Amino acid sequence: MSTAPQTFRGLTASQIETFHREGYLILPDLFCDDDLQPAIDDLHRAIDAKAAELVAAGELSQDYRECGFEDRLARISRETDAVALSLWNGVLHGPGFFRLISNPKLLDAAESLCGEELIASSVYRLRPKIPHYNYGAVPWHQDSAYFEPYCDKSLVLIAWIPLVDADAENGCLWVIPGSHKWALYDQRPHDNPDEFDFAGESYGFDDSGEIPVEVQAGDVVFFNGYLLHRSRKNRSADDYRRVLVNHYMNAWSRLPWQTPEGETAARADFRDIVMICGEDPYAWKGIEDRASISLRKCKAIEERQSA
Ligand SMILES: O=C(O)CCC(=O)C(=O)O
């Protein structure tokens, strides 16, 4: 990772062409240490809180505060998995996370693909992979399967932002290049509970072309919502993979997700969104607060709104 902030003004024509051809794109070194640090600080604060609880309960000898980001969870987990497990599945939403997903370099890149008015989905997740657990290890799927059949055809752009290096051993992303042009596949329960968590598995295609997407902290992986991807269990001894994942769409798209009972596809629009760039074309609809994890609950947004 580079140490000095770079200037960045969006994707090149060749990067855009690669994204459309392959369905994904690696942006090497998009972020410097300073860009990632606020998100890492959020994570440390969450670890501080949980560790303090366990130390008070006599379940952990110390909070290992002096250890760096790379080592701290590993050191704690030699005594208890409870801290690592408490970070799982999107329970965290701190201001540092929001700063990272609204970093201008990332938004410039996203705008190159989605257009100038961007919404970020209200649900953004830290995806930690704990060695030997299947949490966060997901079988083949397409993120757009969770938006279809009601979603319009706008690009759902996923930004996969590793806070530490991700490789085949600690559970990087695996993709089938070009598969975003195939189809939207049905899902079924998978039969590999040792490898993957409870998520449904897309099926009915040839996966022999899959490749690992090994990246370093500071890189970002963009992928298309239709790209077939999966992510295996963390097989390292004590390398805690931590990745932040967020979805972006053009603000002119409706977001017909979690359509309430009785609402029609034609009217559905999940207005629990964050206008992250440009003007909200549907401001007249107002904003809702439906999701349990919401960017709008984030302090950074409150600060931005009151500025
Ligand atoms: O974090 C991972 O390895 C998998 C993420 C993923 O599949 C997703 O966010 O859809």
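**Talking through strand E10 and its surroundings**

In E10, Val220, Phe222 and Asn224 point one way while Val221 and Phe223 point the other, and every one of them is buried.

Colleague: Before I get attached to that, what kind of model is this?

Modeller: It's a predicted one.

Colleague: Fine. What makes you say that strand E10 is largely enclosed by the rest of the structure?

Modeller: Buried here takes 20 or more other C-beta atoms within 10 Å. Five of the five residues of E10, residues 220-224, are buried, so the strand is largely enclosed.

Colleague: And why do the side chains point two ways?

Modeller: Because side chains in a regular strand alternate between the two faces of the sheet. In E10, that puts Val221 and Phe223 opposite Val220, Phe222 and Asn224.

Colleague: How do you know that E1 and E10 pair?

Modeller: Pairing needs at least two bridges. Strand E1 (residues 24-27) has four to E10, and they run antiparallel, so by that cut-off they pair. Tyr24, for instance, has Phe223 as its bridge partner in E10.

Colleague: What about E5 and E10?

Modeller: Strand E5, residues 157-162, also has four bridges to E10, again antiparallel. There, Leu157 has Asn224 as its bridge partner.

Colleague: Over to the loops. Why is Asp29 called partly exposed?

Modeller: Exposed means 12 or fewer neighbours and buried means 20 or more. Asp29 has 14 C-beta neighbours inside 10 Å, so it counts as partly exposed. You'll find Asp29 in the loop between E1 and H2.

Colleague: And what makes Tyr64 buried?

Modeller: Tyr64 has 21 other C-beta atoms within 10 Å, and the cut-off is 20, so it's buried. Tyr64 lies in the loop between H2 and H3.

Colleague: What is the phi of Tyr64?

Modeller: Positive, about 55°, although Tyr64 is not a glycine. Asp29 has a positive phi of about 55° too, and isn't a glycine either.

Colleague: How do you know that the buried residues of helix H3 are on the same side?

Modeller: Those are Arg72, Leu73 and Ile76. They cover an arc of only 85° around the axis, so they sit on the same side of H3. They pack against helix H2 (33-56) and helix H4 (82-86).

Colleague: Last one, the ligand. Which residues surround it?

Modeller: Arg127, Gly136, Val138, Asp143, Leu173, His229, Ser231, Val243 and Val245. Strands E11 (229-231) and E12 (241-250) each give two or more residues to that shell.

Colleague: What makes two of the shell residues charged?

Modeller: Arg and Asp count as charged, and the shell includes Arg127 and Asp143. The other classes come to four nonpolar and three polar.

Technical notes. Residues numbered from 1 in each chain as written. Predicted model: local features only at pLDDT ≥ 70, side-chain atom pairs only at ≥ 80, totals over all residues. Near = placed C-beta within 6 Å. Arc of directions from axis to C-beta. Contact = placed C-beta atoms within 7 Å.
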